[in-house]
Amino acid sequence: RKEYSDILERYYRVMELYASPDDCYMALRGLKTLPVRLKQHEKSALEIANWLEAVDLVDEVIHPALPNHPEHHLWKRDFSGSSGLFAFSFKCDYSEEKMALFVNALELFGIGFSWGGYKSLVTAGTYQRSQKSRYSGKTLVRLNIGLEDPLDLRDDLEKALKYLL
């Protein structure tokens with residue numbers, strides 16, 4: 001309503017909240033299928049995460065929905081599902097060159113930071129935070145599992161992992 005438009009306009013300018021009408025339309029349109037897409041992200045990510053746990057090169061799969069995750073009991077208490085986003089670490093430290101070969105060999109994964117999109121993404125880097133963590137200094141590979149067939153994603157990861165041998 002007009003009586004609130006000036007207040008909201010000032011708030012949006014101060015907070016720098018700007019979105020085009022097209023972006024708003026696309027976000028609202030995407031909400032209709034969000035539950036279905038998130039269920040598929042969850043299912044595919046758990047399939048990939050479970051598979052990675054059995055890969056010899058992998059040290060730890062960091063996905064709280066997995067029963068052997070150290071905080072699984074908290075996830076189980078507080079959540080009813082998970083997303084397609086998780087990470088894993090290797091048993092060995094690989095050089096930046098080897099990690100680049102691994103990431104660049106992935107054909108179905110784009111390189112980028114995001115989650116919830118239709119496309120699977122990957123990033124890799126050394127965990128660096130100010131607080132001490134069990135992951136401090138480890139190279140973590142962060143995956144966002146999209147809507148591609150999980151068997152195709154697994155095959156893509158398997159092919160890329162050969163570059164680390």
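**Exercise 1. Which residue in strand 5 does V122 stand opposite?** Work out how the strands around this spot are arranged.

*Solution.* Before we start: this is a predicted model, where local features need pLDDT of at least 70, side-chain atom pairs count only at pLDDT 80 or more, and totals for chains, interfaces and linings use all residues. Residues are numbered from 1 along each chain as its sequence is written, and side-chain values use heavy atoms, with hydrogens and water left out.

Step 1. Get the elements straight: helices (H or I, at least four residues) and strands (E, at least two) are DSSP runs, numbered from the N terminus.

Step 2. Look across from V122 and you'll find L143 in strand 5. One more facing couple here is L121 and N144, the latter in strand 5.

Step 3. Now the strands themselves. Strand 4 (residues 121–126) and strand 5 (residues 139–144) run antiparallel and are joined by six bridges. Two strands pair if DSSP finds at least two bridges between them.

Step 4. Turn to V122 again: V122 in strand 4 is also the bridge partner of I111. Strand 3 and strand 4 pair in the parallel sense, over two bridges.

**Exercise 2. Lay out the sheet, and say which strands stand at the edges.**

*Solution.* Step 1. The sheet is open, has five strands in the order 1-2-5-4-3, and its pairing is mixed.

Step 2. Strand 1 (58–62) and strand 3 (110–111) stand at the edges; each has a single partner strand, so one side of each is left without a neighbour in the sheet.

Step 3. Strand 2 and strand 5 pair antiparallel over five bridges, and F88 stands opposite V141 in strand 5.

Step 4. How enclosed is strand 5? Five of its six residues are buried (under 20% relative accessible area; exposed is over 50%, partly exposed in between, with a 1.4 Å probe and protein chains only). That's why strand 5 is largely enclosed by the rest of the structure.

**Exercise 3. Find F113 and decide: buried or exposed?**

*Solution.* Step 1. F113 sits in the loop between strand 3 and strand 4.

Step 2. F113 has a relative accessible area of 69%, so it counts as exposed.

Step 3. Not counting residues up to four places away in sequence, F113 touches L121, T123 and R142; contact means heavy atoms within 4.5 Å.

Step 4. F113 and T123 are 10 residues apart along the chain, and their C-alpha atoms are separated by 7.0 Å.

**Exercise 4. Describe the aromatic pairs Y11–Y12 and F90–F102.**

*Solution.* Step 1. The structure holds four aromatic pairs. Rings of Phe, Tyr and Trp (its six-membered ring) pair if their centres lie within 6.5 Å; planes under 30 degrees apart count as stacked, over 60 as edge-to-face and the rest as tilted.

Step 2. For Y11 and Y12, the ring centres are 5.9 Å apart and the planes stand at 65°, so this pair is edge-to-face. Y11 is partly exposed at 43% relative accessible area, and Y12 is partly exposed at 38%.

Step 3. F90 and F102 are also edge-to-face, at 5.9 Å centre to centre and 90° between the planes. F90 lies in strand 2 (residues 85–90) and F102 in helix 5 (residues 96–105), so the pair ties together parts that are 12 residues apart in sequence.

Step 4. Check the burial: F90 is buried at 5%, and F102 is buried at 0%.

Step 5. Zoom out a little: ring pairs link F88, F90, Y94 and F102 into a cluster.

**Exercise 5. At what angle do helix 3 and helix 6 pack, and where does D156 lie?**

*Solution.* Step 1. Helix 3 (residues 34–53) packs on helix 6 at about 35°, with the axes 10 Å apart. Axes are lines fitted to C-alpha atoms, for helices over the stretch in contact, and angles run from 0 to 180 degrees between N-to-C directions.

Step 2. From helix 3, S44, E47, I48 and W51 meet helix 6 residues including P150, L153 and L157.

Step 3. D156 lies in helix 6 (residues 150–161). D156 is buried, with a relative accessible area of 4%.

Step 4. Leaving aside neighbours within four places in sequence, D156 is in contact with A105, L106, E107, L108 and F109.
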